[in-house]
Amino acid sequence: MQNQKPVLHILVVGFHHKKGCQVEFSYPPLVAGTEGKGECPSGWKYLPTLALPDGSHNFSSDFVCFNLPSLTDPEQSVYGISCYRQIALEEVRIRTADLTRSTVQKSVCTLLSLPIYGYVEVKLSLIAQAFFEQGDFSATEILVKAYEQLNACLVSLEPQEIGSTRLHFVGVPLRDLLLKWRHKILILFKLLLLQKRVICYGSPVHPTCALILGIASLHPELISKGFQQVACVKTSRPMSPMPTFSTPVEEQHGDAPPCRTTLPAIVTEQEAPHEQIAPCREADELLTDPDGRSIASAKEAALEETTTSSSSSSSSPSTGSSMEAAGGGDGAGPNARPAAALLRETSVDTIASNFSSLYAIEPSEWGAPLRIFHEGVLCLPYISLPYMDLLTDPSVKGYTIGASNVLFQHKRQLADVMIDVESTLIDVLDGETKREMQLSTEDLRFVDFVVRHVQTPKEDAEGSEAWIRDQLYGYMVALLKTSLNADGSKEIEHFNAHFMGAFKATRCYGDWLERTAGGSVPAFEGLGGGHPFAGTLSVADMKLRIAQTMQNSESGRKLNQAVTNTSRAVGGALTTAKGAFSSWWTSFTATPQGGHMTTQGCSEPPSQDPSPTGSDELGAADDDVAAATDDGDGREQRNRTSESAEATGSPKHVIATAEVAAHPTTNNSVVEIGREAELLDRGTSTATIMAGEAVTDQTNIPRRT
């Protein structure tokens with residue numbers, strides 16, 4: 001693939017109501033000699049299902065990153081980025097017979113020879129937007145122009161710009177991932193080293209792809225130089241998702257060097273001879289920082305290391321001696337201090353100076369990258385349902401994949417770890433793997449240090465994406481240096497002894513030992529083993545451990561859920577009880593409307609008012625009962641009293657219900673009070689109500705039979 005262009009193909013994938021997902025246009029044609037419509041090579045038979053992901057009908061837009069095996073080289077992969085859109089049929093200006101639904105689902109997709117997903121994604125989104133706004137899907141000239149311009153843009157870059165892995169990091173939301181996953185980001189980082197079977201699921205697909213590629217970008221030079229075989233595997237039987245090669249992969253390897261750097265060769269002019277490419281590669285290695293770290297920070301780190309190393313020979317301990325004090329294992333100098341000398345009483349920030357001696361080491365000096373995705377270990381940011389059989393092939397040793405189909409969640413026998421991207425849940429299905437993935441106290445200190453700085457970032461300094469990669473780079477160097485210590489040493493326990501044992505048993509670690517002659521790295525000679533955040537325990541460590549346990553363990557999650565449900569239920573009950581108590585207390589302490597308001601509203605003294613007030617209402621009711629059994633003279637006397645009150649024109653009351661209380665009431669008066677309140681709401685005058693009361697009192701007087 002050395003003479004291939006950066007952008008291999010640009011195509012349109014659409015959903016047909018009868019045929020399903022299909023390629024509607026490709027340039028250059030996927031199958032040579034055809035028009036590039038409706039045809040895919042046999043090795044890429046299920047390419048349309050990758051460009052249009054499962055469940056895409058639920059979203060108006062999405063981005064998908066996927067990998068395919070090369071059709072020409074069994075040791076190379078092809079990288080795809082798809083921009084999916086769903087628009088209403090009314091937005092299509094020229095409609096064809098196959099558009100039978102209310103919406104149209106299509107994807108504009110590019111196949112690349114370089115894993116620069118984010119860089120092309122930014123440009124592809126603009127291309128797709130212009131293509132859809134045309135309203136005519138048969139007008140593909142804009143796609144042909146985009147293909148030519150993308151290639152011209154990448155080919156015109158200088159070698160140092162091409163070699164710099166900043167192109168591979170464009171569009172990777174590293175800070176957002178760290179703020180969302182927090183300490184779990186280190187769990188995922190270490191999980192990748194174990195080459196386990198990991199399935200990440202979520203819908204839409206773009207967050208899943210961003211998580212997988214973001215974690216891979218934290219490993220030094222993994223994407224830029226270690227992604228060549230992410231989709232390559234020689235299956236034990238012919239399978240439709242994979243191409244077949246007549247020559248076995250073992251014979252194709254030959255005497256090729258173990259690590260091939262093809263980035264500058266791929267993006268150079270197609271006509272350029274191979275002899276002219278080699279100097280560009282050398283210039284790339286000399287002028288740029290291959291792992292994407294800022295060159296300024298690397299130079300400053302190297303200068304700081306030189307200064308501190310010179311000062312350590314006299315009095316003050318240098319950064320390297322601090323590492324030796326923390327480690328105390330193999331490679332420690334004669335003046336090394338015990339591990340307890342690295343204390344945390346001052347600040348965790350002081351320990352960060354240890355990283356200056358770690359990330360000042362160039363990746364090429366210690367054999368980066370680790371070949372994590374190699375010899376049957378796959379990295380597929382997204383796969384569709386037809387690729388499920390590939391995961392069960394004996395030749396597939398491990399994988400990190402992303403999926404949106406719910407069937408992958410139920411096939412738990414296919415995974416060692418299931419990751420729910422939306423809820424940030426890491427479900428480890430194996431007991432031994434759970435022990436391996438536990439973060440040590442030193443790990444928790446380290447990731448807490450990183451997260452705190454990311455929450456308050458400084459431009460091109462602490463908390464920036466380049467700074468985050470520097471920290472993980474230093475962590476990787478310390479991890480590899482410590483792995484050379486004897487099993488059971490204290491330095492091994494700093495990284496979790498279970499994890500270190502599993503890591504040493506992986507194929508990528510064995511390959512690293514072979515390439516470095518058993519870990520003989522000259523750059524490691526001045527470093528002591530151990531964790532750079534090793535030190536004595538503190539209360540902060542206990543808090544970190546409790547928080548990590550509550551968030552990661554199953555019992556902790558159940559307890560969190562129980563506390564949440566209980567607090568919700570108790571909170572609701574307290575709110576209800578508070579409302580009921582407030583209502584009762586208000587009714588208990590409120591001024592009785594039939595008593596005090598009457599005494600305030602009447603001009604007559606209370607002794608002359610015949611109406612019962614306040615607590616006398618109960619006595620008034622008793623009087624009504626007694627009045628019903630009185631003789632006729634008593635009844636006539638009461639009628640005359642009422643008539644005289646009307647004739648003299650008693651003063652109006654502020655509240656009409658108080659006036660009702662001024663008269664002897666019967667059972668029917670309850671109905672009259674409700675009617676009067678309704679009249680009050682309607683704005684009826686008090687005089688009208690009073691007049692009605694008088695009539696009511698006269699007509700409702702019980703007669704003796």
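## Getting to know a predicted model

Trainee: Which residue meets the side chain of Lys106 in a salt bridge?

Mentor: Keep in mind that this is a predicted model. The contact is 2.6 Å, N to O. Lys106 lies in strand S5 (residues 103-112) and its partner in strand S2, so the pair ties together parts that are 82 residues apart in sequence. That partner is Glu24.

Trainee: Is Lys106 buried or exposed?

Mentor: The cut-off to use is under 20% relative accessible area for buried. Lys106 comes in at 4%, so it counts as buried.

Trainee: How many salt bridges does the count come to?

Mentor: Lys106 with Glu24 is one salt bridge, and Arg371, Asp511 and Arg515 are linked in a network of them. The count comes to 13.

Trainee: How far apart are the closest N and O atoms of Asp393 and Arg237?

Mentor: This pair links distant parts of the chain, 156 residues apart. Asp393 sits in the loop between helix H16 (388-391) and strand S8 (398-403), while Arg237 sits in the loop between helix H9 (222-225) and helix H10 (249-253). They form a salt bridge, and the closest N and O atoms are apart by 3.2 Å.

Trainee: Which relative accessible area does Asp393 have?

Mentor: Its partner Arg237 counts as partly exposed, at 39% relative accessibility. Asp393, on the other hand, is buried, with a relative accessible area of 2%.

Trainee: What does Lys504 form a salt bridge with?

Mentor: The closest N and O atoms are 2.8 Å apart. Lys504 lies in helix H22 and its partner in the loop between H20 and H21, so the pair ties together parts that are 17 residues apart in sequence. Lys504 is partly exposed at 23%, and the partner is exposed at 63%. The residue you want is Asp487.

Trainee: Let's look at helices. How many residues of H20 are buried?

Mentor: Helix H20 covers residues 465-483 and reaches 27 Å from its first C-alpha to its last, close to the 27 Å expected at 1.5 Å a residue. The helix is largely enclosed by the rest of the structure, because the buried count out of its 19 residues is 17.

Trainee: And what span should H19 have at 1.5 Å a residue?

Mentor: Helix H19 (residues 441-455) has eleven of its 15 residues buried, so it too is largely enclosed by the rest of the structure. Among those buried residues are Phe446, Phe449 and His453. The end C-alpha atoms agree with the expected span, which is 21 Å.

Trainee: Where is Ser56 found?

Mentor: At 6% relative accessibility, Ser56 counts as buried. Leaving out residues up to four places away in sequence, Ser56 touches Tyr84, Gln86 and Gln105. The C-alpha atoms of Ser56 and Tyr84 are separated by 8.1 Å, though the two are 28 residues apart along the chain. As for its place, Ser56 is in the loop between helix H1 (47-51) and strand S3 (61-69).

Trainee: Which residue does a cis peptide bond join to Tyr27?

Mentor: Omega is about -15° for this bond. The partner is found in the loop between strand S2 (20-27) and H1. The residue joined to Tyr27 is Pro28.

Trainee: What is omega near for the peptide bond from Ala368 to Pro369?

Mentor: Pro369 has its place in the loop between helix H15 (355-358) and strand S7 (377-380). The bond from Ala368 to Pro369 is cis, with omega near 0°.

Trainee: What is the phi of Asn496?

Mentor: Asn496 is in the loop between helix H21 (490-493) and helix H22 (497-504). It is buried, with a relative accessible area of 9%. Asn496 is not a glycine, yet its phi is positive, at about 80°.

Trainee: Which residues make the nonpolar surface patch of about 220 Å²?

Mentor: One of them, Leu407, has its place in helix H17 (residues 407-410). Leu407 counts as partly exposed, at 41% relative accessibility. The patch is made by Leu385, Val406 and Leu407.

Trainee: What pLDDT does the protein average?

Mentor: A score of at least 70 is reached by 61% of the residues. Over residues 594-632, though, the pLDDT is below 50. The protein averages a pLDDT of 73.

Conventions: Residues numbered from 1 in each chain as written. Heavy atoms only, no water. Helix = DSSP H or I, 4+ residues; strand = E, 2+ residues; numbered from the N terminus. Buried < 20%, exposed > 50% of the residue type's maximum accessible area, 1.4 Å probe, protein only. Contact = heavy atoms within 4.5 Å. pLDDT = per-residue confidence, 0-100. Patch = residues over 30% accessible without salt bridge, like charges linked within 9 Å, V, L, I, M, F, W, Y side chains within 5 Å. Areas by Shrake-Rupley, 256 points an atom, 1.4 Å probe, with all protein chains shown as cover. Salt bridge = Lys/Arg side-chain N within 4 Å of Asp/Glu carboxyl O. Expected span 1.5 Å × (residues − 1).
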